[in-house]
Amino acid sequence: MSDLKIDLDHVAALARIELSAEEKVKFSGDFQTILGFFEKLGAVDVSRLEPCAHAFPVYNVLREDVPAETLPIEALEKNAPAFRDGQIVVPRIVDDNA
Amino acid sequence: MKTALEYSKELAAGTLTSRQLVQACLDEIRAKDGEIHAFLSYDAEDALAQADASDARRAAGKALSPLDGVPVAIKDNIAVNGQPLTCASKMLEHFVSPYDATVIANLRKAGAVLLGRCNMDEFAMGSSTENSAFVKTANPWNKDCVPGGSSGGSAAAVAARMVPIALGSDTGGSIRQPASFCGVVGFKPTYGCVSRYGAVAFASSLEQVGPLGTTVADVAMLYDAIASEDVHDSTALPGAREKAFPQLENFKPCRIGLPKEFFGGDAKIDAAVRAVAEWYKSRGCELVEISLPSVDLAIPAYYIIATAEASSNLARFDGIRYTHRSADATDAVNIYSKSRGEAFGEEVKRRILLGTYVLSAGFYDAYYKRAQKIRALIRNEFEAAFKEVDLILTPTTPETAFPKGGKISDPLKMYLGDICTVPANLAGLPAISFPCGTNDEGMPMGVQILGKALKDADVLAAAHAYEQSHPFETPGI
């Protein structure tokens, strides 16, 4: 598998990461090598195997539904990149004329 | 610098105060860390206040545990209320934890003094600590070499004798490999024995927080203090944990497997590990040559699963609530992509992109689902092996610490170095690395013992038995 066609722009858009031109060149080369190496798994017969998401799967783990302490707003304000009137400021997402 | 256990006894005997001990550690850090760069930050005033509180408890006859007053350094991906938590990333450069991780709450209950934030590969992605956005850590044995990673700061801080013990995290070897490179002991517990709540998630199905120290006894003592169930982590197994420290002397002759697939790296390391095996044989153990044929698939399976989980876990670093936010963002979409493009380092971007790709439509079955099936295959092979043997003995790494810059430009080469450590994460098994000598260049070599799930105490007791007759001195610097 030496000729993998990877649409890096599409992957970067899905991952929400803006890449520089240099990074695109670097990562395209890296992906050829790394994904080529991953192809090793393609040769294995996995038809009788079930996917394993966790070494020791646990299901339906529930805890008592009781009120507990939550973080105070001041603790969140300290880490927020922009904060006003008890709220985190974000770019406008609804057009005024919409 | 002595061991945590020795300090614990001196504190109990009243011949040492926690303030004296913490002050001595701070003096060591000030004297050495300008060269080693094991720490990203530390708060001397806060550490001394914790020490004073410990001394007051002890004076009142209310010491909380053998760890009361003993300083522990913390990897910078584990939340300590009020302290920085950067994950060695510009993304979290100014983040201050608003709560304690469960392992930290457990350490506070034991009275331990939380001292400093250890350097690491950014978001625990790497094997050399060179991916830190802030500083490169030196290996105390040879400052031109890497300390390993991703818990390289924790391992170097212990090896340089700046603190007696430290916490790290291990997703694919990130405690054991730096322990091996720095000539100290590092332990990855059975998956689920230690809560992950408050440890920044990279690959949730693989990682565990664990201890590093200069002796197995120190590591066992720290493991006992952090291991617990947790209502905040549904993957933390329910019920009480078996205490390892009281069982350290319980090692009994058993069957030890030597899987051929783990050998064949550095010949000197192979020979040192085989010599360790012969010592166990001389103690009445039976050595069994075994095979885990799918281990050579572990690296690709691991890097597919780990990057897939990373792409999901790291989506939370979005420039909105508590991270770096790009000053150039103009709308509600590019605030994400610009903030993430600016603040993530190269390896983190590479892994998020790889993980996004292997999960994307059309590729999911070929990569992610297939890797999960290979994971089942590897787990099944371990299960079968552990019907024949009680413990498995291997090298921790196929090589000793490599020079800084040696692999950083070749990611695949860096990934391949994890071959001996990732199988334990895929199978969720307990695994320890401890020193087994030095090579011709004077660099430490590590041997790894893996045990059956939940047999953490057996793994620690086996390592302790060897260590008792082969004490290993770390040089400090």
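Which residues have the most contacts inside the largest nonpolar core? In this predicted model, they are B:V72, B:A157 and B:L460. The core itself holds 178 residues. Helix α9 of chain B gives the most to it, with 10 residues. In soluble globular proteins, nonpolar side chains tend to be buried together.

The surroundings of B:L460 were examined further. Neighbours within four places in sequence were left aside. B:L460 is then in contact with B:F187, B:V216, B:V219 and B:A220. Its other contacts are B:A244, B:L248 and B:I432.

Helix α1 of chain A spans residues 8–15. Its buried residues are A:V11, A:A12 and A:A15. Viewed down the axis of α1(A), these residues fall within an arc of 100°, so they line one face of the helix. An α-helix has 3.6 residues a turn, so residues three or four places apart point the same way. On the other side of α1(A), A:D9 and A:H10 are exposed.

The buried residues of α1(A) pack against two helices of chain B: α9 (298–313) and α11 (346–359). Of these partners, α9(B) is also the element that gives the most to the 178-residue core. At the end of the chain A helix, A:R16 follows. The phi of A:R16 is positive, near 55°.

Confidence scores accompany the model. Chain B averages a pLDDT of 97. In that chain, 99% of the residues score at least 70. The model scores ipTM 0.94 and pTM 0.97.

Notes. Residues are numbered from 1 along each chain as its sequence is written. Chains are lettered from A and ligands numbered from 1 in the order in which they are written. This is a predicted model: local features need pLDDT of at least 70, side-chain atom pairs count only at pLDDT 80 or more; totals for chains, interfaces and linings use all residues. A residue is buried if 20 or more other C-beta atoms lie within 10 Å of its own, exposed if 12 or fewer, and partly exposed in between; C-beta atoms are placed from the backbone. Helices (H or I, at least four residues) and strands (E, at least two) are DSSP runs, numbered from the N terminus. The arc is that of the directions from the helix axis to the C-beta atoms. Two residues are in contact if their C-beta atoms, placed from the backbone, lie within 7 Å. pLDDT is the predictor's confidence in each residue, from 0 to 100. A nonpolar core is a set of buried Ala, Val, Leu, Ile, Met, Phe, Trp, Tyr and Cys residues joined through C-beta atoms within 7 Å.
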